[in-house]
Amino acid sequence: MDSRILLDHGGGGLLMAQLIREILVPILDNDVLRRLGDSAILQIDKGERLAFTTDSYVISPIFFPGGDIGRLAVSGTVNDLAMAGARPLALSLGLILEEGFPMEDFIKILESVRDTARETGVAVVTGDTKVVRKGEADNIFINTSGIGIVSPGIDTSGRRVAEGDVVIVSGPLGDHGAAVMTQREGLRMEGTLKSDVAPLWPLVERLLTLGEAVHFLRDPTRGGLASVLQELTCITGKSVELQDRDIPVRAEVQSICELLGLDPLYVACEGRFVAVVAQQQSQRALELLRGHPQGSEARIVGRILVDPPGVVLLRTAIGGTRLVQLPLGEQLPRIC
């Protein structure tokens, strides 16, 4: 382990996993934290459970095609709750502002926070504001925490994942990361690429009508689809077989990845999710997702195997196979 914190320690890759598992968890250790879910699940009654989550947003630039840091902050926390199968109840909003930040931009971001929260029917009920001297932050950083309710019978942690289950993605991958990088690097691309950032609870709520057939949910943010599936194999000890031809990636995203030397499997989304569903309910799951505008391009991209254990395999279009491994660190810094 390095003697100092590196940028790669926040990138969603191998170094971040080591930081959490080898430093953070052993010091703060408890039964709930040890599960390392997007949200902590707390038992509050015989049936219902409380989901609790928090996240910080330091994206650069703060305005990008399809969104801004305010929409990102609300969507990210709502989505962390949704991935636990939780109906969002309320959010907090913590703001760190740099001296000199334009008031006009601040108001735009607050209005974006308000409008995104209304999309999900959730309210910002508490918060905190700090201002630091110029040069001690980068315009604005936001922290949001959220609480939600998990209905009886819902368990999206991966403990129910079984051989033969299907892996579904709710839409094309990598739009958010590619859109932010295009804006940051001043790239001019053909087409109308924009971030997919959006609150996912309305779509997840439809899928959860399948009840116990939904075995795993996770949003592919930092580290993208590859990191989510690596995490799944760690949780279950099973393997994932992906079909390259079935993984949806827009042509604009593919072009940007080729230009920057990136693999779309590792590029972040902020408005997509990965679901593992019982094979018998797979077609019904697709019908539910495609019946909502956010899930109209949902696809089955793979299945769960038991042999070989603990790996992610990608079957390529030309008939080959390659291992999908956890990246060492940051491919795209400060995109969320």
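This report walks through the sheets, helices and nonpolar cores of one structure. The model is predicted.

**The five-stranded sheet**

One open sheet has five strands, ordered β1-β2-β7-β5-β6. Its pairing is mixed. At the edges stand β1 (40-43) and β6 (123-132), and each pairs on one side only. Neighbouring strands here are turned by 15° against each other on average, direction ignored.

Strand β5 (residues 86-98) runs parallel to β6, and nine bridges link the two. Leu 95 stands opposite Thr 129 of β6. Helix α3 (residues 103-120) packs on this sheet and touches β5, β6 and β7. The direction of α3 makes about 175° with that of β5. Helix α2 lies across β2 (49-57), β5 and β7 (140-150).

**The seven-stranded sheet**

A second open sheet has seven strands, in the order β9-β11-β8-β12-β10-β13-β14. Here too the pairing is mixed. Its edge strands are β9 (214-218) and β14 (321-323), each with pairing on one side only. The average turn between neighbouring strands is 25°, direction ignored.

Inside the order, β8 (residues 166-169) and β11 (residues 274-277) run antiparallel and are joined by four bridges. Ile 168 has Ala 275 of β11 as its bridge partner. Strands of a sheet pair through backbone hydrogen bonds, either parallel or antiparallel. Helix α6 (residues 224-236) lies across β8, β9, β10 (239-243), β11, β12 (299-305) and β13 (312-315).

The table lists the angle of each helix to one strand.

| Helix | Strand | Angle |
|---|---|---|
| α2 | β2 | about 150° |
| α3 | β5 | about 175° |
| α6 | β10 | about 150° |

**The nonpolar cores**

In soluble globular proteins, nonpolar side chains tend to be buried together. Which residues touch the most other members of the largest nonpolar core? They are Ile 140, Val 204, Leu 207, Leu 217 and Phe 273, in a core of 64 residues. Helix α2 (residues 69-83) gives the most to this core, with eight residues. Another core, of 23 residues, lies apart from it. Among its members are Leu 173, Ala 226, Ile 304 and Val 312.

**Rings and charge**

How many aromatic pairs does the structure hold? The count is zero. A ring does meet a charge, though: the charged end of Lys 108 sits over the ring of Phe 63. The distance from that charged end to the ring centre is 5.9 Å.

How values were computed:
Residues numbered from 1 in each chain as written. Predicted model: local features only at pLDDT ≥ 70, side-chain atom pairs only at ≥ 80, totals over all residues. Heavy atoms only, no water. Pairing = 2+ DSSP bridges. Axes fitted to C-alpha atoms, helices over the stretch in contact; angles between N-to-C directions. Contact = heavy atoms within 4.5 Å. Phe/Tyr/Trp six-rings, centres within 6.5 Å; stacked < 30°, edge-to-face > 60°. Lys NZ or Arg CZ within 6 Å of the ring centre and 35° of its normal. Core = buried A, V, L, I, M, F, W, Y, C linked by side-chain atoms within 4.5 Å. Buried < 20%, exposed > 50% of the residue type's maximum accessible area, 1.4 Å probe, protein only.
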